[in-house]
Amino acid sequence: MTWRILGLAMTWAAVVLGAAPAGAITIYPIDRAQILAGSRFDLKVEFDGVLGAADAKVTIDGTDLSTALGRPATFVEREAGVAASALLLRDVSLTKPGRYAIVASDGKTSRTVGWEVYGTGPRKARNVILFKQGTVTSFPEQPDLVDMVKTALTVLARHEDGFVLLVESGLIDKYSHPLDWERAVMDTIMLDRAVAVAKEFAGARNDTLIMVTADHTHGLSLVGTVDDSVRSQEMRDRIGVHEKAGYPNYPPANDEGYPPRLDVSRRLAIFFSVFPDYYETYRPKLDGPFVPAVGGPDKSYVANEKYKDTPGAVLRVGNLPHGAPQGVHSGEDVLLTATGPGAERVRGFLDNTEVFRIVVDALGLAAAPAQ
Ligand SMILES: [Zn+2]
């Protein structure tokens, strides 16, 4: 499995990679942590067992912790009733880029981790707008994403120091879980329109980095079209693949960019690869979002009988555990597109943590102060 742009695990203080092996002493931030120069983070060292204050020692590149970070850590003899001690130091920072070795000792054993502190170049972008497909829940009667982006840009553009705007288009994911791909695609069109609003804003200036990505994928693929003019009782034989796929006959998009009808006679054939038991209807669900499976006996989910009598519907036996009511996230690499100052770093395959570094570099957050 690759861990490239699988998810945006970002924090503004520090981006940590990997996991520390179990041991008698645990140091946070963990081994291989990447920390933006000058950003604040909390340091914590957990010891296995109760120590005397004098036995708990930490050095950074050979220098005592309190000297290296400017203040002494608090020694906690017993953490929250646990028979173990800890050292805690909040809101510290390292301003000099480079690799640091952190060594913690309890007087008998020691543990070493390495951190990378990275700087940035000078500020290239005044503003950053990051769009992501994600998992925010929407509420009824809220303005749509396009209106929200327009309003956010109008308000934020007044700030003299620039801004960072994170836009999440949550319904794409919310509708992919119940295998309702038509609704997910309509919300992808909405995301596209919202990105167009941001590009129009950025096009009138040259100081805004726009990035568009997703935090994960779902297992679904476009394979061709479903053509009702094919005379076959079985819906699967109405699917045109390869050179027989042809074009769907959705009517031209309306003024807002959406097809006004989805229940056309030659429509896209899109199928999910991971699913609970459900009835495949080969048609959009016009009366409301799809509910593929419902709770059955023993906490298992069974195909929703509501769709059983839809003409041509067939039962697809699920390939997920019986306790799964819906489809799930999948692990493919996701796309990341970018435009504006700083976008030149977006190419090839990137670790997802690079997205954070591209943002802070564009904003020059660790740039040397102007003379
Ligand atoms: Zn999800």
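Biologist: What value of phi does Gly364 take just after H5?

Modeller: This is a predicted model, in which local features need pLDDT of at least 70, side-chain atom pairs count only at pLDDT 80 or more, and totals for chains, interfaces and linings use all residues. Residues are numbered from 1 along each chain as its sequence is written. Helices (DSSP runs of H or I, at least four residues) and strands (runs of E, at least two) are numbered from the N terminus. Just after H5, the phi of Gly364 is positive, at about 60°.

Biologist: How many of the nine residues of H5 are buried?

Modeller: A residue is buried if 20 or more other C-beta atoms lie within 10 Å of its own, exposed if 12 or fewer, and partly exposed in between, with C-beta atoms placed from the backbone. Helix H5 spans residues 354–362 and is mostly covered. Its buried residues include Val355, Phe356 and Asp361. Of the nine residues, the number buried is seven.

Biologist: Is Leu179 buried or exposed?

Modeller: Leu179 lies in the loop between helix H3 (171–176) and helix H4 (181–203). Its phi is near 65°, a positive value in a residue other than glycine. Because 26 other C-beta atoms lie within 10 Å, Leu179 is buried.

Biologist: Which class of exposure does Arg32 have, with 14 other C-beta atoms within 10 Å?

Modeller: Arg32 is placed in the loop between S2 and S3, and its phi is positive, near 70°. Most residues other than glycine have a negative phi. Because the count of other C-beta atoms within 10 Å is 14, Arg32 is partly exposed.

Biologist: What is the omega of the peptide bond from Tyr28 to Pro29?

Modeller: Pro29 lies in the loop between strand S2 (25–28) and strand S3 (33–36). Most peptide bonds are trans. The bond from Tyr28 to Pro29 is cis, with omega near -5°.

Biologist: In what order do the three strands of the open sheet with S15 stand?

Modeller: Two strands pair if DSSP finds at least two bridges between them. The pairing in this open sheet is antiparallel, and the order is S16-S15-S17. The edge strands, each pairing on one side only, are strand S16 (239–241) and strand S17 (266–272).

Biologist: Which residue of S17 stands opposite Leu220?

Modeller: Strand S15 (residues 220–227) pairs with S17 in the antiparallel sense over seven bridges. Strands of a sheet pair through backbone hydrogen bonds. Opposite Leu220, the residue in S17 is Phe272.
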